[in-house]
Each structure stands twice: as C-alpha cells, then as structure tokens.
Amino acid sequence: MEYKVVDIEWERCNLLLTFDKETKEILLSNNKDKILLKVYNKKVLIPLTNINEQMLDKGLWHLEVKGKRVGVDSSLLKEFDNLTRIFYYRNELYAYNVSFKYFEKVFYINIHFMMENKKYKKYIRVFEGEKKKELIKNCFKLIGIKSLNIIYKLRRVFKNKHRKVILLLTENSNHLTENLQALVKPLNELPSKILIYCHDDINDKRISTYYKTTIMLAKSDIILIENYTPILNILNLSKKTMIIQLWHAGVGFKAVGYARFGKQGSPHPFFSSHRKYTYAIVDNNNLKDIYKEVFGLNEDKIKAYGMPRLDNYFNKENIIKTIKEIYTEYPYLKEKKIILFAPTYRGATQDTAHYDINQLDFALLNNFCKKNDFLFIIKLHPFIKEKVQINSAYSDTIKDFSTYDINKLIYISDILITDYSSCVYEFSMFKRPIIYFRFDQEEYEYLRPYHGLDKASLDVVTDFKSLIEELEKYKDIDTKKKLNGLKKIKKEESIPKIIKLIEEGLDKL
C-alpha cells in the first residue's frame, strides 16, 4: 500500500507532514541513517534542530513505511518552491537550507548547509562539510578545467590567422543533428574550412575526448551548435570566436536553461554555456521572449531566422522523394493509416533518460488499430537507449521505429501523439490531428515548468482510456482550433539568412 504526503506545514523550525493513510511509525532515512518517527492522526512532526540532539544532517532524506518509500500528492508539487525555507546563522554568513524534491515517485526532504561565497563571479567551488573523497575528486576536476583552458590558449596562439574555420559541433550525438546537417552543403560553398566533430558526451568521459574537443574549438573562428554544449561551460573562448546556437526545439513547451533555474539540472548563474552565445537562432519573433529567458541573452542576440531543418518542409519535391524512399524501404507503411507516438524523455539528464512505456495498453491499442486499419509507430527520444518490448501478438499493428529519422516519419503520419516534444512544431505544418498524452502532467511540469502557450487549445489527455477515446473520434478533431497554441511558423527559408550572418562574421575576422 503506497503512502503519500498530502500536506506540508511549518512551525518555526519544525516540519509538520500529513499523510493520506493511518500508520503508527515512519522511518526518516538518507540510506545511511534511519530515524524512527511517531505518527499521530496521520501527522508527523520533524524537529529539524533536535534530531537526537543534532540538526537533521545534510543530504536527501526520504520517508519509509513498512519498507516502501513514501510519495507525495501531485497537487502539492506546485507549492514546493513556496515551502522552501532558508535559516540564516552566524551573522547571515551561513545558512541551513530546507527544500523539497520529487523524482522517481519518491518524496524527498533536501538539506543543505551553505556559506557566503564572496568570489561568486569566479569559477570557484566552495564546500562545507564535504567528504575528503569528494573534495579530492573536485580538486582534480578543477585542475582538469585549468589544464584545458591552458591547452586552448596555447593552441590558439599557433592558429593560422589566414585560414578561417567553421566548426559544426555536437556533444550529445555521434552524428550531426538536423539543423547542423542542413547547413553542411551551403557552408561548403564558402571560402573557409569546415570541420565537423560529433561525440556523445554522456557516454564518452575520456580525457582524450575533452582534449580533442578543446583543440577543435581552438582551431575555429565560428562555432555552430544546436543543443546544450557542456564544454562551453568551462572553456574561456577567444572573444573573436563567434558561437551560433541553432536551438533544436522550435516551440517553447518545457522549460530549459535559465527558465528552470533553481530546479534540478539548472545552469550556473554566471558560467553557463548559454551566456556565451554570440547569436541564438529561433523560428519567429514570438519566441524571442522565451529564449531571452532560456539563454539569459539580450534581445539583439536572438535572431528570428527560422530553423534550417524546416527548409525541407517547404520543399514539396523533397517530401515526395522522401516518402517514396520510405515506402520502398517499408512497403507495408503505405497500406495503413499511421499514428506516430513520439513523446519526450523523462529523467533529469541524458544518462538518466527513460520513458514509462507501460503507460501504453498494447492490447487496447492493438484492438483499436485492427478495427480502424491503423498502424501505431513508436518513436522514443534519442536519449532513451532501452528498446521497446512488443509482444509478437501485436507485431502487425505496433512497431518500434525509435532509431528512425523522426522527420521522415512525420511526412507519412496521419495523427501525432506526443506530450512536450517540439516535434509538434513540424507536424503542425501539415494541419493534421495532434493529441497530447500527459499521464504525469503535474509531476513533469513541476520538474520542467511550462512556458506560456495557450493550454486551452491543446488537446490533452492524462490517462490511456481517454487517449483511446480521443483516437476513436480522430476524424472530428478540429485541427485549426487545436493548433492555436503553437506559435506561427515562419514560411520562408532560414538557411540563406544564417549563411549571410556567418559571412558577415567571417568578414569581421
């Protein structure tokens, strides 16, 4: 039987928690220490300053009932920030910080001891109460950062100043992603050297990889990226280097960058790679305010030039050619109506990315598809490495295309089911039905706050039964009304504008 926290209250330094069910005892644990708490009328009092005559120690603390970890009522998630407490001491030079977290279905009390950092604008890490092993590890990290910056500066000294170099870089894929790939051909027509460097930063932690990336950056005059690029957090690039961010997401659904400051995975206030962009490219003027917040940049650095990868969507001949290629490779796709299921991932980082595929009832899906002559195609986010297990009984109606190019799948799909993925942006260009399946809406939007799109016009379902019901009436979905929540897409080519911006940058070198 799962227990949940349904209310959180403060009385000075005492934390009062209310539970949804009766129990006599609850354990408070940080996986090392266990503290027995008495429960009265579904309530427990945690005196933070007197846990066995000590402060509740730093770290993540969870609650256990009969060996099972306690969750939280999802309606409380939006109150977590307001419930955070900071207790100052020693003339406000130090602070005891109490906040609340929720991930992997578990409620946590998060305790931190903090101290004033008078050199907060420098990349200096201050630790209080860290273990020796962690301090040594972080010292080596700092030595590594210093070393990479020295290598960068030395290699920069010997750079050929007469040869202009453009680098296409991605640190979260072993191949060029769509926006970068779309620029390769026009960039090769410029009088400059083109370098391409791709590696999966999450899976490749070798010193040699960091070294090679640093050398590539030192060689380059203009750097093109289209995603979060961790190495830019720690390298101080030459002021003459132009960095252009071709952000991969065309619509501002989920909060990223500084839009989720203070949440898990939020950027450093001063040393985030986002602050280092010379320009960030967005699709249209309506998105400028969103990405000013996301990247922490002034409006003059946000250019509404459109996304290079969308240029193919304006090319009917290319679409027809691509569709023919798909049908040649998979002839059975031509015989069915296609439902494309393309949700984004769950998890704080790329290495923890996952999706609960058990939210789908394959038996119900199979029945719907057979009755309505549909094929259900699953396209999980590229960060998710685990393969979808599909029972052979459903192999005629449900297919896993997670390794396939989503842009090609969009061309042939009749209905899109997603949640917070920016693929709705491309799909909306075809004016076909979109259904948003958000089984964990309150939890997800707590972790990734939602930007201010028109929620009322989005066709959202939160359980699988409702999803099937929505699919049953797919012919009646008013696509024009349901697309009102998306910002208007630029109906002009993006690539020529970006190439011109790059040319202007090369002329200034």
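On a 1 Å grid over the protein atoms alone, a cavity is a set of points where a 1.4 Å probe fits but cannot get out. This is a predicted model, in which local features need pLDDT of at least 70 and side-chain atom pairs count only at pLDDT 80 or more, while totals for linings use all residues. Residues are numbered from 1 along each chain, and side-chain values use heavy atoms, without hydrogens or water.

Let's start inside. There are 2 cavities of 30 Å³ or more, and the largest holds about 40 Å³ of space, a volume being the space filled by probe spheres set on the grid points. Its lining (residues with an atom within 4 Å of a point) includes Leu169, Glu171, Ile225 and Tyr228.

Now turn to helix 12, residues 464-472 (helices are DSSP runs of H or I, at least four residues; strands are runs of E, at least two). Its buried residues (under 20% relative accessible area, 1.4 Å probe, protein chains only) are Phe464, Leu467, Ile468, Glu470 and Leu471. They sit on the same side of helix 12 because they cover an arc of only 160° around the axis, taken from the directions from the axis to the C-beta atoms. Helix 8 (362-372) and strand 18 (337-341) are among the elements they pack against.

Finally, visit Glu64 in strand 6, residues 59-65. Glu64 is buried too, at 12% relative accessible area. Leaving aside neighbours within four places in sequence, its contacts (heavy atoms within 4.5 Å) include Lys34 and Arg69.

Key. Buried < 20%, exposed > 50% of the residue type's maximum accessible area, 1.4 Å probe, protein only. 1 Å grid on protein atoms, 1.4 Å probe; cavity = no way out; pocket = protein on both sides within 12 Å on 5 of 7 lines; lining within 4 Å.
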